[in-house]
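Trainee: Could you take me through one part of this fold closely? Start with the pairing of strands, then work outwards.

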Amino acid sequence: MQAVTPFQDAIDIIKEEGGDICKLCYQCGTCTATCPWNLVRSFPVRKTMHQAQLGLPDFESEDMWLCVTCKWCVDRCPRGVGIIDVWKSFRRAIVEMGIGGVPDSVRITAKNVSGVGNPQGETREKRTDWAKDMGIKTFTKGMDVLYFACCFNSYDPKLTRVAKATAKIMQKAGINFGILGSEQSCCGESVRKTGNEELFKNLVQTNADIFNRAGVTKIVVSSPHCYHTFKNEYPEFGAKFEVVHSSQFIAELIRDKKITPSKELKKKVTLHDSCYLGRHNNVYDEPREVLKSIPGVELVEMLNNRENGLCCGGGGGRIWADTKRGERFSDIRIQQAIDTGASTLAVACPYCMANFEDSVLSMDKGGVLEIKEISELIADSI
Ligand code: SF4
Ligand code: SF4
């Protein structure tokens, strides 16, 4: 039937993307009880699913933009409702139909990605500045691995150390790898999670063309968000590559004895499971395997580990939004890490790393807990 109003068009998008909601959800409320937002403020997930069933979501509500896509509720929902798909469909409806307000963070991120290929709005030319003086080659046909560092690790002065550590490990292991230059763009993950499907499709097309032209078959990524997007979402559009997260790649290098962590790091370390490596992709063992291979490291588990990992608050495009003090999951996570007695919180995701670095500073816990990406710890030990 022909859609007659923007509101009807929006309802059609919700039916198309979150299609199963109407027949499946039986309003048990498990999603609300599970959602981490309810640790810090009210977030009525069940009620919103009901509004969607009735075709009456409140597009003006701030709630439309809160879901961090952590997948906790999806894994617990007894009816298998694709709750994240429903939130995504709300956002797509708002962006495409102009119903409700789009937050500044979402608008600016989309504008930056569309204009210069990265969410931060940095120039394309600066994307590979982190690699200067490291002797890293530009990817050419015949190389084994493309290293895709993520926009965050490429541009953010606090995170370029992750890209450098990962490249150093590959060099030490003798991997025939390269990086691409200014023409590559953001993988598009937060663009899609915040409802800009058209821009996401353009990014898939642009990146896939660049990878194919360069002869890329295998991509090593530092971000679980790039991992998920390249591995599970690009193939929807026919763009298929072998995708490996750096923690998996490093674990394999250690198993194959291409690198051997030998320098002792006397540290008590705890590990944060990121949502997009853990719940979304079931990668729990390799980061632990890597940490345990370092002489002197004692690995202790924090509350909410593995399948129960508590989101840092950065998924679903929230990494680019301002979250009020008192509502930051990363603050709770920092306290959980400190409660283990660990002096190092190991992470495997740039969003988690950025959020935890901010929380440690704002909570004045820098003297108690350091934040280290797994590759940094390995680079320090080889
Ligand atoms: S957990 Fe699933 S079935 Fe229960 S209210 Fe939420 S979406 Fe509906
Ligand atoms: S995916 Fe996570 S943040 Fe989103 S509604 Fe479910 S539990 Fe809440």
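Mentor: First, a term: two strands count as paired when DSSP finds at least two bridges between them. Keep in mind that this is a predicted model.

Now the sheet. It is open, has four strands and runs in the order S2-S1-S3-S4, with parallel pairing. Strands S2 (177-178) and S4 (242-245) stand at the edges. Each has a single partner strand, so one side of each is left without a neighbour in the sheet. As background, strands of a sheet pair through backbone hydrogen bonds, either parallel or antiparallel.

Look at strand S1, residues 145-148. Take its link to S2 first. S1 and S2 run parallel and are joined by two bridges. In that pairing, Val145 stands opposite Phe177 of S2. Leu146 stands opposite Gly178, also in S2. Next comes the link to S3. Here three bridges join S1 and S3, and these strands again run parallel. Tyr147 of S1 stands opposite Val220 in S3.

Which way do the residues of S1 point? Val145 and Tyr147 point one way, while Leu146 and Phe148 point the other way. All of them are buried. Val145, opposite Phe177, and Tyr147, opposite Val220, thus point one way from S1.

Move along to S4. Helix H13 (residues 246-255) lies across strand S3 (218-221) and S4. The helix runs at about 80° to S4. S4 is also one of the two edge strands.

Now a helix elsewhere in the chain. Helix H16 covers residues 350-362. Does its length fit, or does it not? At 1.5 Å a residue, its 13 residues should span 18 Å, and the end C-alpha atoms are 18 Å apart, which agrees. Its buried residues are Pro350, Tyr351, Cys352, Met353, Ala354, Asn355, Phe356, Ser359 and Val360. What covers them includes helices H8 (151-155), H9 (160-173), H12 (224-233) and H15 (329-339). Strands S7 (344-347) and S8 (370-373) are also included in that cover. After H16 comes Asp364, whose phi is positive, near 55°.

Turn to helix H1, residues 6-17, which holds Glu17. Glu17 has 20 C-beta neighbours inside 10 Å, so it counts as buried. Its C-alpha atom is separated by 6.6 Å from that of Val86, 69 residues apart along the chain. Leaving aside neighbours within four places in sequence, Glu17 is in contact with Asp85, Lys88, Ser89 and Arg92.

Finish with the ligands. Ligand 1 has 14 residues around it, and Cys25, Cys28, Thr30, Cys31 and Cys77 come nearest. Two or more residues of that shell come from each of H3 and helix H4 (45-53). By class, this shell holds nine nonpolar, three polar and two charged residues.

Ligand 2 is surrounded by 14 residues, the closest being Cys35, Cys67, Cys70, Trp72 and Cys73. Helices H3 (30-34), H5 (72-76) and H6 (83-97) each give two or more residues to its shell. The shell of ligand 2 divides into eleven nonpolar, two polar and one charged. Helix H3 thus appears in the list for ligand 1 and in the list for ligand 2.

Definitions and conventions
Residues are numbered from 1 along each chain as its sequence is written. Chains are lettered from A and ligands numbered from 1 in the order in which they are written. This is a predicted model: local features need pLDDT of at least 70, side-chain atom pairs count only at pLDDT 80 or more; totals for chains, interfaces and linings use all residues. Two residues are in contact if their C-beta atoms, placed from the backbone, lie within 7 Å. Axes are lines fitted to C-alpha atoms, for helices over the stretch in contact, and angles run from 0 to 180 degrees between N-to-C directions. A residue is near a molecule or strand if its C-beta atom, placed from the backbone, lies within 6 Å of it. Ala, Val, Leu, Ile, Met, Phe, Trp, Tyr, Cys and Pro count as nonpolar, Asp, Glu, Lys and Arg as charged, and the others, Gly among them, as polar. The expected span of a helix is 1.5 Å times one less than its number of residues. A residue is buried if 20 or more other C-beta atoms lie within 10 Å of its own, exposed if 12 or fewer, and partly exposed in between; C-beta atoms are placed from the backbone.
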